[in-house]
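Reader: Hi! Could you walk me through this one? I'd like to start with the pocket and then move on to the packing.

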Amino acid sequence: MLEFARLETVRRYHVLDTPAEASFDDLVVLAAQLCHTSMALLGFFDAEQLRVKASHNLPIANIPRKFAFLSPTGPAPDLLVIPDTAAGERWAQHPMVIMGPRVRFYAGVPLVADGHWLGTLEVMDQVPRELSDE
């Protein structure tokens, strides 16, 4: 029932299967610049995948939900930061770590509206790092 309500909320916002929008493109570029990362994406979850709405230096159209770093299968964290994806067992064999784009740093926040987790805004890099207070 919760997943049905979440999907209905995503549909109500009309962000899936829509043309690119400059505001989303600008947002991912800004996120990458502010976090000093080489890659960023903003995507929305349908039932099966994270559908990339905008990306910066990341040639990925969609990511299966099981391979998303953040996925709406549980409570939304405020922020997920993985300073070095290759350092721990949980992420070391992740497809985005061992294959292209070889993500070594990840930080993401859930996009929540009307109490439902709709998507994520994420920044990534190919080198381990930390987020600064900046």
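Reader: How do the residues lining the largest pocket divide into nonpolar, polar and charged?

Author: Happy to help, and bear in mind that this is a predicted model. The lining of the largest pocket has seven nonpolar, four polar and two charged residues.

Reader: Nice. Which residues lie nearest the centre of that pocket?

Author: Those are A68, F69, L70, R90 and W91, out of 13 lining residues.

Reader: And what volume does the pocket have?

Author: The largest pocket comes to about 200 Å³.

Reader: Switching topic: which residues touch the most other members in the largest nonpolar core?

Author: That core has 19 residues, and L41, F69, V103, Y106 and M124 are the ones touching the most other members. At least two core residues come from each of β1 (39-45), β2 (49-56), β4 (80-82), α4 (95-98) and β6 (116-125).

Reader: Which element gives the largest share?

Author: β1 does, with three residues.

Reader: What is Y106 in contact with, leaving aside its neighbours within four places in sequence?

Author: Quite a list: F69, L70, L80, V81, I82, T85, E122, V123 and M124. There is also a second, separate core, which has 17 residues, including A32, L42, F44 and A113.

Reader: Good to know. How many aromatic pairs does the structure hold?

Author: Four. One of them is F45 with W117, an edge-to-face pair with 6.5 Å centre to centre and 90° between the planes.

Reader: Why does that pair tie together parts that are apart in sequence?

Author: Because F45 lies in strand β1 and W117 in strand β6, the pair joins parts 72 residues apart in sequence.

Reader: Are those two rings on buried or exposed residues?

Author: F45 counts as buried because its relative accessibility is 0%, and W117 counts as buried at 7%. The cut-off for buried is under 20%.

Reader: What about F69 and W91, how do their rings sit?

Author: Their ring centres are 5.1 Å apart and the planes are at 40°, so that pair is tilted. F69 is in the loop between β3 (62-64) and β4, while W91 is in helix α3 (residues 89-92), so the pair links distant parts of the chain, 22 residues apart. Both F69 and W91 are buried.

Reader: Which residue joins F69 and W91 in one aromatic cluster?

Author: Y106 does: F69, W91 and Y106 form one aromatic cluster. As we saw, F69 and Y106 are also among the residues touching the most other members of the largest nonpolar core, and F69 and W91 are among those nearest the centre of the largest pocket.

Key
Residues are numbered from 1 along each chain as its sequence is written. This is a predicted model: local features need pLDDT of at least 70, side-chain atom pairs count only at pLDDT 80 or more; totals for chains, interfaces and linings use all residues. Side-chain values use heavy atoms; hydrogens and water are left out. A nonpolar core is a set of buried Ala, Val, Leu, Ile, Met, Phe, Trp, Tyr and Cys residues joined through side-chain atoms within 4.5 Å. Buried means under 20% relative accessible area, exposed over 50%, partly exposed in between (1.4 Å probe, protein chains only). Helices (H or I, at least four residues) and strands (E, at least two) are DSSP runs, numbered from the N terminus. Contact means heavy atoms within 4.5 Å. On a 1 Å grid over the protein atoms alone, a cavity is a set of points where a 1.4 Å probe fits but cannot get out, and a pocket is an open set with protein on both sides within 12 Å along at least five of seven lines; lining residues have an atom within 4 Å of a point. Grid points are joined across faces, edges and corners, and a volume is the space filled by probe spheres set on the points. Ala, Val, Leu, Ile, Met, Phe, Trp, Tyr, Cys and Pro count as nonpolar, Asp, Glu, Lys and Arg as charged, and the others, Gly among them, as polar. Rings of Phe, Tyr and Trp (its six-membered ring) pair if their centres lie within 6.5 Å; planes under 30 degrees apart count as stacked, over 60 as edge-to-face and the rest as tilted.
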